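Me: I would like to go through this model with you, one topic at a time. Please explain each term when it comes up.

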Amino acid sequence: MSLLDGRKYTVAAPGTPQKVSSRLYLDGGAEAEAPTGVRIRAVHASPHAPEVDLFAIAKTTTKVSSRLSFGQATRYAATPAGSYGLEVRPTGSKTVVLKVPSVSLKAGSVYSVYVVGSAKNKTLQALLTLDSE
């Protein structure tokens, strides 16, 4: 991937200490503009987790991403500002492998949710980062 002038990137090192890799993710761009709502994406950084789906939980449950594999990042999805819980489930399953209590997403902001840790060791975590505001 070539770096473009004036663009923001995140460099991540998903994997385990024994087998780490580096990934470059483009932050923002036209799809991430959030003038009235919020934009959010998911990044699968857990090498011991299967393909996953990410859900935002408010008054209703909304699928933010589906079939996300290790190392992949979704496109940014638009959602209204507000407080949301997050759930990670293996693709096609109703079993929740990671549940994050309510997080506040501020209007006009762009976020990434990194799923890290190990499903095998039951150490999955979600890291919410602010990409821009």
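Reply: Two strands pair if DSSP finds at least two bridges between them, and strands (E, at least two residues) are DSSP runs, numbered from the N terminus. This is a predicted model, in which local features need pLDDT of at least 70, side-chain atom pairs count only at pLDDT 80 or more, and totals for chains, interfaces and linings use all residues. Residues are numbered from 1 along each chain as its sequence is written, and side-chain values use heavy atoms, with hydrogens and water left out.

Me: In strand 11, which residue is the bridge partner of Ala42?
Reply: Strand 5 and strand 11 (residues 110-116) pair in the parallel sense, over six bridges. Within strand 11, Arg39 has Val110 as its bridge partner, while the partner of Ala42 is Val113.

Me: Which residue in strand 8 stands opposite Val38?
Reply: Strand 8 (residues 77-79) runs antiparallel to strand 5, and three bridges join them. Opposite Val38 in strand 8 stands Thr79.

Me: In what order do the four strands of the open sheet lie?
Reply: The edge strands, each pairing on one side only, are strand 8 and strand 12 (125-132). Neighbouring strands of this sheet are turned by 30 degrees against each other on average, direction ignored, with axes taken as lines fitted to C-alpha atoms and angles running from 0 to 180 degrees between N-to-C directions. The pairing is mixed, and the order is 8-5-11-12.

Me: Why is strand 5 largely enclosed by the rest of the structure?
Reply: Buried means under 20% relative accessible area, whereas exposed means over 50% and partly exposed lies in between (1.4 Å probe, protein chains only). Strand 5 (residues 38-44) is largely enclosed because, of its seven residues, the number buried is six.

Me: Which strand gives the most to the largest nonpolar core?
Reply: A nonpolar core is a set of buried Ala, Val, Leu, Ile, Met, Phe, Trp, Tyr and Cys residues joined through side-chain atoms within 4.5 Å. The largest has 19 residues, and Ile40 and Leu98 are among those with the most contacts inside it. Elements giving two or more residues to this core include strand 5, strand 9 (82-90) and strand 11. The one that gives the most, with four residues, is strand 10.
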